[in-house]
Amino acid sequence: TAILNASQNFTRAVTTYFLTITPFVPNLAPNITLNSPANNTQFNNTQNATFTYTPFDDFNTSFFCTLNINGTANTTNLTTNNTAVSVSLAGLPYGRSSWSVNCTDNSTPALSGSSGLQFFLINDTYRPRVSTIFPTNASEDVATTFTANVSDDRSNLSCNLGINGTVNGSMTVAGNLANRTVTFAQPGTFILLANCSDTSGNVNDTSATTVTIADVTSPQVNI
């Protein structure tokens, strides 16, 4: 049995042999532990998150690691071996995304290691903001554009105009305005509302407005 880092003398008759053992130092690719967020974590109403991971290497005390979001390199850091690294990101995309880390050590040749994938969800639970309808007065047989102020954290709103509980049709959304042109054939009082939904499926239709349609038709007189 040979002992590492040591020399042994072996004597047979008058001949002496010297055996020098060079220690073998294993060199493996870095190993990465994804600490947080835990797999399938859901973040509500924020596009910011902090990602923490711990790299380990058996050869180097420091080396470079890259954080990937949805398979694309986002941030590269010089990391210290076996020390947790935290990276805070803003503007993450809504919906389900993945994150992973890959590290490359400084050995020759360099060895690279990759973590597995973990997933997270950026979720929007805020309902769209919808104002009351204006104008609140119009005339029969006159095309009138009815408008509501609308806004949402994600934009991309889809709105419908309802009249007396029935959908009249889709509204055109431009900026913070949703509008639809309607011609009322009869005078009277009507309840109008804008029903808006965002791309997360949040809905708001709290803009019920009473609109009065004036009778401007002159009476017919038959003689």
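Asp 198 counts as buried, because its relative accessibility is 6%; buried means under 20% relative accessible area, exposed over 50%, and partly exposed in between, using a 1.4 Å probe and protein chains only. You will find Asp 198 in the loop between strand 19 (188-197) and strand 20 (203-204). Strands here are DSSP runs of E with at least two residues, and helices are runs of H or I with at least four residues, both numbered from the N terminus. From its loop, the side chain of Asp 198 reaches the backbone nitrogen of Asn 202 at 2.9 Å. A polar contact is a pair of N or O atoms within 3.5 Å; within protein, one must be able to donate a hydrogen and the other to accept it, and residues adjacent in sequence count only if both atoms are side-chain atoms.

A word on the background before we go on. What you see is a predicted model, in which local features need pLDDT of at least 70 and side-chain atom pairs count only at pLDDT 80 or more, while totals for chains, interfaces and linings use all residues. Residues are numbered from 1 along each chain as its sequence is written, and side-chain values use heavy atoms, with hydrogens and water left out.

Let us turn to the cysteines. A disulfide is a covalent bond between the sulfur atoms of two cysteines. The structure holds 2 disulfides, each recognised as a pair of cysteine sulfur atoms within 2.5 Å. One of them joins Cys 65 to Cys 103, with 2.0 Å from S to S. This link is right-handed, with 110 degrees about the S-S bond. Cys 65 lies in strand 6 (residues 62-69) and Cys 103 in strand 9 (residues 95-104), so the pair ties together parts that are 38 residues apart in sequence. Cys 65 is buried at a relative accessible area of 0%, and for Cys 103 the value is also 0%, so Cys 103 is buried too.

The other disulfide is formed by Cys 159 and Cys 196, whose sulfur atoms are 2.1 Å apart. The torsion about the S-S bond of Cys 159 and Cys 196 is about 110 degrees, so this disulfide is right-handed. The pair links distant parts of the chain, with Cys 159 in strand 15 and Cys 196 in strand 19, 37 residues apart. Both Cys 159 and Cys 196 are buried. If you number the bonded cysteines of the protein chain in sequence order, the pairing reads 1-2, 3-4.

Next come the aromatic rings. A pair of aromatic rings is described by the distance of the centres and the angle of the planes. Rings of Phe, Tyr and Trp (its six-membered ring) pair if their centres lie within 6.5 Å; planes under 30 degrees apart count as stacked, over 60 as edge-to-face and the rest as tilted. By this rule there are 5 aromatic pairs. Among them, Phe 43 and Phe 120 meet edge-to-face, at 6.5 Å centre to centre and with 75 degrees between the planes. Phe 43 lies in strand 4 (residues 41-44) and Phe 120 in strand 11 (residues 118-123), so this pair ties together parts that are 77 residues apart in sequence. Both Phe 43 and Phe 120 are buried. The rings of Phe 184 and Phe 190 have centres 4.6 Å apart and planes at 40 degrees, so that pair is tilted. Phe 184 is buried, with a relative accessible area of 7%, and Phe 190 is buried at 14%. Ring pairs also link Phe 43, Phe 51, Trp 99 and Phe 120 into a cluster.

Beside Phe 43 in the sequence, Gln 42 has its place in strand 4. Because its relative accessibility is 42%, Gln 42 counts as partly exposed. Gln 42 and Phe 120 are 78 residues apart in sequence, yet 5.8 Å apart in space, C-alpha to C-alpha. Leaving aside neighbours within four places in sequence, Gln 42 is in contact (heavy atoms within 4.5 Å) with Leu 121 and Asn 123. The side chains of Gln 42 and Asn 44 are joined by a polar contact of 2.7 Å.

Finally, look for the charges. The structure holds 1 salt bridge, meaning a side-chain nitrogen of Lys or Arg within 4 Å of a carboxyl oxygen of Asp or Glu. The side chains of Arg 129 and Asp 153 meet in it, at 3.3 Å from N to O.
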